[in-house]
Amino acid sequence: MDENKPDEPRFPPPEMMSKTYERNAADGEADYVGSEPVYVAPVEFTPEPQVGEGETRIGVWGSPASGKTTFLGALRLAALDPSGPFGRWQVVPSDDVSERFLVETAQKLAIDKVFPPATQAVRPYAWRFRGDLSGTALGRRRLLRKRPSNRMEFELNVLDVPGGVYEDLRSDGLTARSVDHLARAQGLVYLFDPVREARNNDSFAFLNGTLTRITRLCMQENRLDGPYLPHHLAVCLTKFDDPDIFHRARRGGWTDLGPNGVPVVSDPAGFFDWLADDLHGSTMRLVGQTLRANFHPSRLHFFTSSAIGFGTLPGGSVDLRRFGNVNVVDGNERIVGPLSPYNVMEPLVTLLLGMRNGGRP
Ligand SMILES: Nc1nc2c(ncn2[C@@H]2O[C@H](COP(=O)(O)OP(=O)(O)OP(=O)(O)O)[C@@H](O)[C@H]2O)c(=O)[nH]1
Ligand SMILES: [Mg+2]
């Protein structure tokens, strides 16, 4: 988008948005380069325009390195899964930047077997999703021709930003734009990274401040629904293929074997709360309580997910003794086997269906 066009939203000059962070090569962590977060006077900021007819704005939110970019990059690949319970989908980029991102990331993940680099700047993407839910549990049986069709089509607008912009009390143009995007979205995908939480205990610091600001914006616009935000929220517990997290899930008895020999978690919300206890001393319980307090139960959905999926055997089943899908060679991560995105399309389709149906009982 050309930010200088008079009728486009204006954002602060690039130097205000240029605070970058780099992933620490030693441990894969994302850190700010040079200094602590800056606290500056509120930034003059012109919000994004309202979404157009048939457009859907979904915010993707999560702490640094929680897997936001990988998740988005895996969407088109996830849509190809013929056994997906979400029906058949086609993801068509709406502009050159969005096309390049999808194709480049698919190449990185599926052929080069590496993860995309840490996001350095804000990236707006738009994709058109065209789906057919016929024959799935999500579809409607059309006994009467008057019933709505199982075809769905929507334009997805997302903003991919470095997770550091969501840090509590951070205040600059990029944060203002990102929070505004989340506030104006109809649906949110919140990626909770249990691997980071087990190590750093700080996910709450990338949730609390941002949520407070979203709530203020929604209140100013009279969009709150009683004590709740108006959004539909998909909480994705990411990196479920990670051996430490998956072993914990098995130890707690949360996994079953799904139809294709791939593990499934039939009660992801229960698992989220259990893991919060298991990661004793972490902020995960606070995260769960905060999400439940702020989103209406009928609009809140939990998933366990993995953008790359488990390492699989020929035929697609998972060997529970050797399911890890990431190898570290000379300090560099490599994806081991074929990509089998796990609960990547499902959160999106659930959000869409929730929005279509209104989301209140
Ligand atoms: N095991 C596993 N690791 C993942 C997965 N997705 C991402 N990762 C790891 O998480 C790192 C960060 O992924 P990104 O997609 O760049 O995360 P991000 O949230 O976009 O990060 P920022 O842009 O820095 O905020 C990757 O380099 C991988 O190490 C996944 O599905 N499984
Ligand atoms: Mg990113």
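Analyst: A residue is buried if 20 or more other C-beta atoms lie within 10 Å of its own. This is a predicted model. Strand 7 is a good place to apply that cut-off.

User: What makes strand 7 largely enclosed by the rest of the structure?

Analyst: Strand 7 spans residues 187-192, and 6 of its 6 residues are buried. Each of them therefore has 20 or more other C-beta atoms within 10 Å. That is why strand 7 is described as largely enclosed by the rest of the structure.

User: Which residues point each way from strand 7?

Analyst: Gly187, Val189 and Leu191 point one way. Leu188, Tyr190 and Phe192 point the other way. All are buried, on either side. In a regular strand, side chains alternate between the two faces of the sheet.

User: How do you know that strand 3 and strand 7 pair?

Analyst: Pairing needs at least two bridges. Strand 3 (residues 55-62) and strand 7 have 5, so they pair, and the sense is parallel. Among these contacts, Gly59 has Leu188 of strand 7 as its bridge partner.

User: What makes strand 7 and strand 8 a pair?

Analyst: The cut-off of two bridges applies again. Strand 7 and strand 8 (residues 232-237) share 6 bridges, also in the parallel sense. One of the bridge partners is Val235 of strand 8, which faces Tyr190.

User: Where does strand 7 sit in the order of the sheet?

Analyst: The sheet is open, has 7 strands and runs 4-5-6-3-7-8-11. Strand 7 stands between strand 3 and strand 8 in that order. The pairing in the sheet is mixed.

User: Why are strand 4 and strand 11 called edge strands?

Analyst: Strand 4 (88-93) and strand 11 (300-304) each pair on one side only. Neighbouring strands of this sheet are turned by 25° against each other on average, direction ignored.

User: Which strands does helix 4 touch as it packs on the sheet?

Analyst: Helix 4 touches strand 3, strand 6 (151-160) and strand 7. Its direction makes about 125° with that of strand 3. Helix 10 (residues 345-357) packs on the sheet as well. Helix 10 touches strand 3, strand 4, strand 6, strand 7, strand 8 and strand 11, and its direction makes about 165° with that of strand 8.

User: What makes helix 4 oblique to helix 6?

Analyst: Helix 4 (residues 173-184) and helix 6 pack at about 60°, with their axes 9 Å apart. That angle makes helix 4 oblique to helix 6. Roughly parallel needs an angle under 35 degrees, and roughly perpendicular starts at 65, so about 60° fits neither. The crossing is right-handed.

User: Which residues of helix 4 and helix 6 meet?

Analyst: Val179, Asp180, Leu182 and Ala183 in helix 4 meet Thr210, Arg213, Ile214, Leu217 and Cys218 in helix 6. By class, this contact has 6 nonpolar, 1 polar and 2 charged residues.

User: At what angle do helix 8 and helix 9 pack?

Analyst: Helix 8 (residues 268-278) and helix 9 (residues 284-294) pack at about 145°, with their axes 8 Å apart. Phe272, Asp273, Leu275 and Ala276 of helix 8 make the contact with Met284, Arg285 and Gly288 of helix 9. By class, that is 4 nonpolar, 1 polar and 2 charged residues.

User: Why is Pro227 called exposed?

Analyst: Exposed means 12 or fewer other C-beta atoms within 10 Å. Pro227 has 9, so Pro227 is exposed. Pro227 is in the loop between helix 6 (208-220) and strand 8. Its C-alpha is 8.0 Å from that of Ala293, though the two are 66 residues apart in sequence.

User: What makes Ala65 buried or exposed?

Analyst: Ala65 has 26 other C-beta atoms within 10 Å. The cut-off is 20 or more, so Ala65 is buried. Ala65 is in the loop between strand 3 and helix 1 (68-73). Phi of Ala65 is near 60°, a positive value in a residue other than glycine.

User: How do you know that Asn201 is partly exposed?

Analyst: Asn201 has 14 other C-beta atoms within 10 Å. That count lies between the limits of 12 and 20, so Asn201 is partly exposed. Asn201 is in the loop between helix 5 (194-200) and helix 6. Phi of Asn201 is near 50°, again positive in a residue other than glycine.

Definitions and conventions
Residues numbered from 1 in each chain as written. Chains lettered and ligands numbered in written order. Predicted model: local features only at pLDDT ≥ 70, side-chain atom pairs only at ≥ 80, totals over all residues. Helix = DSSP H or I, 4+ residues; strand = E, 2+ residues; numbered from the N terminus. Axes fitted to C-alpha atoms, helices over the stretch in contact; angles between N-to-C directions. Parallel < 35°, antiparallel > 145°, perpendicular 65-115°, else oblique. Left-handed = near helix turned anticlockwise from the far one by under 90°. Contact = placed C-beta atoms within 7 Å. Nonpolar A, V, L, I, M, F, W, Y, C, P; charged D, E, K, R; others polar.
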